[in-house]
Amino acid sequence: QLQLVESGGGLVQFGSSLRLSCVVSNTAVDSRTIGWFRRAPGKEYEGVSCISSSGGSTNYADSVKGRATISRDNAKNTVYLQMNSLKPEDTAVYYCAATELYSNVCRTAGPILLNQYDYWGQGTQVTVSS
């Protein structure tokens, strides 16, 4: 059974940085598109970033563009989301998710859609204080 485990969240101050990790088990991380999503209190899920199985395509929500970088370490079967210049509005539970094998849903532009991902982690809390 494919598993995803997020880590790296925490309580940080405005303007600081965090690197979130998503360790993927029971599948090769480069065989699937991996996405990062977040859900703030009282709000809907938001697609934050994604990386295609080939690694050739990445995408970012406008809300994090220029402040976030998604990357992947195939040897560690891990996807990272580096978040810089954090703002209070970045406060949310962050989830990573995976598609079915070789599903190429990560375009270089356009929304990152929740319903295109089939496997989800439990989430990691990020809280940014002002």
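**Disulfides and strand arrangement in the predicted chain**

Cys50 and Cys106 form a disulfide, in which the two sulfur atoms lie 2.1 Å apart. The torsion about the S-S bond of this pair is about 80 degrees, so the disulfide is right-handed. Because Cys50 belongs to strand S5 (residues 45–51) while Cys106 sits in the loop between S9 and strand S10 (119–120), the pair ties together parts of the chain that are 56 residues apart in sequence. The model in which this link appears is a predicted one. With burial taken as a relative accessible area under 20%, Cys50 counts as buried, at a relative accessible area of 1%, and Cys106 is likewise buried, with a value of 1%.

The disulfide count comes to 2, and the other link joins Cys22 to Cys96, with an S to S distance of 2.1 Å. For this pair, the angle about the S-S bond is 70 degrees, and the link is right-handed. Cys22 is located in strand S3 and Cys96 in strand S9 (residues 92–98), so this disulfide connects parts that are 74 residues apart in sequence. The relative accessible area of Cys22 is 0%, which means that this residue is buried; for Cys96 a relative accessible area of 0% is likewise found, and Cys96 is therefore also assigned to the buried class. When the bonded cysteines are counted along the chain, the disulfides follow the pattern 1-3, 2-4. A disulfide is a covalent bond between the sulfur atoms of two cysteines.

With regard to secondary structure, the protein chain has 0 helices and 11 strands, and a reading along the sequence accordingly gives the pattern β-β-β-β-β-β-β-β-β-β-β. Among these elements, 4 strands form an open sheet in the order S1-S3-S8-S7, with antiparallel pairing. Strand S1 (3–7) and strand S7 (68–73) stand at the edges of this sheet and each has a single partner strand, so one side of each is left without a neighbour in the sheet. On average, and with direction ignored, neighbouring strands of the sheet are turned by 15 degrees against each other. Strands of a sheet pair through backbone hydrogen bonds, in either the parallel or the antiparallel sense. Between S1 and strand S3 (residues 18–25), the antiparallel pairing extends over 5 bridges, and within this pairing Val23 of S3 is the bridge partner of Val5. Strand S3 thus takes part in the pairing with S1 and also holds Cys22, one of the cysteines of the disulfide with Cys96.

The overall dimensions of the chain were also examined. For 130 residues, a compact globule would have a radius of gyration near 14 Å, and the 13 Å found for the protein chain agrees with this expectation. The C-alpha trace spans about 40 × 25 × 25 Å along its principal axes. Of the 130 residues of the protein chain, 45% count as buried, including the four cysteines Cys22, Cys96, Cys50 and Cys106. The accessible surface of the chain comes to about 6500 Å², and carbon and sulfur atoms contribute 47% of this area. Among the contacts with a sequence separation of 6 or more, 62% are accounted for by residues 24 or more positions apart.

Methods. Residues numbered from 1 in each chain as written. Predicted model: local features only at pLDDT ≥ 70, side-chain atom pairs only at ≥ 80, totals over all residues. Heavy atoms only, no water. Pairing = 2+ DSSP bridges. Helix = DSSP H or I, 4+ residues; strand = E, 2+ residues; numbered from the N terminus. Axes fitted to C-alpha atoms, helices over the stretch in contact; angles between N-to-C directions. Rg over C-alpha atoms; globule rule 2.2 N^0.38 Å. Buried < 20%, exposed > 50% of the residue type's maximum accessible area, 1.4 Å probe, protein only. Contact = heavy atoms within 4.5 Å. Areas by Shrake-Rupley, 256 points an atom, 1.4 Å probe, with all protein chains shown as cover. Disulfide = S-S within 2.5 Å.
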